[in-house]
Amino acid sequence: MQQQEPDLLKKVVALCKRRGFVYPGSDIYGGFANTYSYGPHGIELKKNIKDLWWKQFIHNRTDMVGMDGPILLHPRTWEASGHVVGFNDAMVDCKACKARFRADHLIEKALNLNVEGMDLEEINALLTKEKLTCPKCGKSDWTQARFFNLMFSTKLSKTGSNDDDIAYLRPETAQAIFLDYKNLLDTMRLQVPFGVGQIGKAFRNEITPGNFLFRVIEFEQMEIEYFIEPSTWTTVFEDWLEKMWQWCDLIGLKRDHLGLYEHPQEKLSHYSKRTVDIMFDFPFGRQELYGLAYRTDFDLSKHSEAARQSMEYTDPKTREKYIPHVVEPTFGLDRTFLALLCDAYEEQALEGDEVRTVLHLKPQIAPVKIAIFPLMKKEVLVEKAQQVLDLLRIFGNVQYDESGAIGKRYRRHDEIGTPYCVTVDFDTIEKDDTVTVRDRDTMKQERVAVKDLLNFFQKLF
Ligand code: GAP
C-alpha cells in the first residue's frame, strides 16, 4: 500500500472548486451536505470517462449491449431483490455530542472484531460491555443501535386513485437490467454468455457519507451484468477481474496505488457468492474503488418468482433450459473521478520559488484537449488563432484563451490537465505559418506547421 500525502484531498478539493471541476451542492444556501455539482471541466472529465468505458466495454465487444433503465422501478423490485429487508446498516448515536456512526465501523475499529451477521441485541451488548467511547467527544453514552435502510423512498400519487404508494430511488443501477432481461433476450438475439452495460445515477441514504466524492448520497455507477451458463462462473469471474485491471491501466491509475480485497464469506452481500473489490489508496486510506461479484441466479430467480415470469434461457444447441447466472463488474464513476484526480495531481518545484500545479491526466480523458493562444491580443494573431481553433475542434473540447500573460495561461491549463497548448505568434504570421505546441508534462515546445497540425494531433489522441 502506498501512502498518499495526507493533505492531498484538501488540495484536490480546492483545485476542483477553483478550476470549475466540482462545486459544493446548493452552494448559495450554504451547501447541502454530501451533494456536489460538476462544473464545466468536471463534466468534461466525467463524460470522457463514461465515453471511454462505453467504448471499451460495449462498442469494442460483440457480446455486450447497452441500455438505460429508469431510476424509479416498480416498488416490488426492491422486495424481490432483498433490498427492503436487507439493505440496512446498524447505526448508533452518541447521546452526548449527537454524532452518528455505523455500529459495525465503530466496533470494528475499536475492537478489531467483525460484527457481520450480529443482531442488534448482540451489538448493543458489545457497546455497553466494552464501554466503547465516541471518536468525536470521548464519552460513552450511546442510544440503542437500530437498523437503518439505505434506500431513499418517495411517494407516488397514482392518477385516478387516492392511493399513495412508496417508490424507491434505485440504490444500484443493476436491478433495471434484471427487469429488462427478458425484453433484451427477446428483441436483441442475444446468446449466453452476453452482458448488458448501463451508466446511471444511484442513490443511498448513507449513515456516514464524506471524504468529498468518495461516499455521497447521489452518485453514478457504470455497471455490467454478465449472463452466463452456471458452470462457467469461475473462469468468467477471473476474466472480468483481468478486464477491470486493464481498465485501470487504460484510464491511467497507478498500479502501485491499487490492490485487491477478497470479501470473507460472512461479509458478502445477500446476493453474492464471491466478491472481490479493486481498492485504491485514497489520501484517507485504502478503500473500495470497484467491485466484482458473482450474483448467481439470485436476482433473476427472485424476480421470476415475484413477477411470475419465466426467466429461463434455452441453449440453442443443446436445448437445455436454465436460468443464467450473473457475474457483475461494477465501477463507481465519482470514485473513478476522485481517484484519477488524486493520482494526476502534482506540485512541481520550478526554478526560484515557483511551484506549478499540474494534472497529469491522460489526453483521452483530459477535460480540455488543446488550448489555443494568440501571443497577444493583436487582431492578426487573434484572427489566425481563431482559424487554428476551428481547425482543431475535431479533437473535442478545444479552448481559446487570450487573457493574461502567456506563462499564466500555461499555468491555468496545467492545473486543469490540458495536454497541449498551441501558441500563434508573429513568426506564424510573418515567417513560416508555424505555431508552437507546448507539452504539459515535459513543458517542451516545438514548432509545427499549421498544415501539419491535424496529423500531429491525430497521433496523440
Ligand atoms: N450493483 C452492485 C453494487 O451496487 P456496491 O459495491 O454497493 O455494489 C458499486 O457499489 C460501486 O458504486 C462501488 O464500488 C463504488 O465505486 C460505488 N459507490 C457505492 N456507494 C457509493 C457512494 N455512497 N458514493 C459514491 N460511490 C459509491
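Before I start, one term: contact here means heavy atoms within 4.5 Å. What I am showing is a predicted model.

I will begin with the sheet. It is open, has five strands in the order 20-19-21-22-23, and its pairing is mixed. Its edges are strand 20, residues 398–400, and strand 23, residues 445–449; each of these pairs on one side only. On average, and ignoring direction, neighbouring strands here are turned by 25 degrees against each other.

At one end of that order, strand 22, residues 434–439, pairs with strand 23 in the antiparallel sense, over five bridges. Within this, Arg-438 stands opposite Gln-445 of strand 23.

Which helix lies across these strands? Helix 13, residues 406–416, lies across strands 19, 20, 21, 22 and 23. Relative to strand 19, residues 370–374, helix 13 runs at about 170 degrees.

Next, two isoleucines elsewhere in the chain.

Ile-71 sits in the loop between strand 3, residues 64–66, and helix 3, residues 76–80. Is Ile-71 buried or partly exposed? Its relative accessible area is 31%, so Ile-71 counts as partly exposed. Together with Leu-72 and Leu-156, Ile-71 forms a nonpolar surface patch of about 210 Å² accessible area.

Ile-323 is in the loop between strand 15, residues 321–322, and strand 16, residues 325–332. With a relative accessible area of 22%, Ile-323 is also partly exposed, because buried would require under 20%. Setting aside neighbours within four places in sequence, Ile-323 is in contact with Pro-230, Asp-297, Leu-300, Ser-301, Met-311 and Glu-312. Ile-228 is 95 residues from Ile-323 along the chain, and their C-alpha atoms are separated by 9.0 Å.

Terms used
Residues are numbered from 1 along each chain as its sequence is written. This is a predicted model: local features need pLDDT of at least 70, side-chain atom pairs count only at pLDDT 80 or more; totals for chains, interfaces and linings use all residues. Side-chain values use heavy atoms; hydrogens and water are left out. Two strands pair if DSSP finds at least two bridges between them. Helices (H or I, at least four residues) and strands (E, at least two) are DSSP runs, numbered from the N terminus. Axes are lines fitted to C-alpha atoms, for helices over the stretch in contact, and angles run from 0 to 180 degrees between N-to-C directions. Patches are made of residues with over 30% relative accessible area and no salt bridge: like charges are joined within 9 Å, nonpolar side chains (Val, Leu, Ile, Met, Phe, Trp, Tyr) within 5 Å. Accessible areas come from the Shrake-Rupley method with a 1.4 Å probe; for residues, only the protein chains shown count as cover. A salt bridge is a side-chain nitrogen of Lys or Arg within 4 Å of a carboxyl oxygen of Asp or Glu. Buried means under 20% relative accessible area, exposed over 50%, partly exposed in between (1.4 Å probe, protein chains only).
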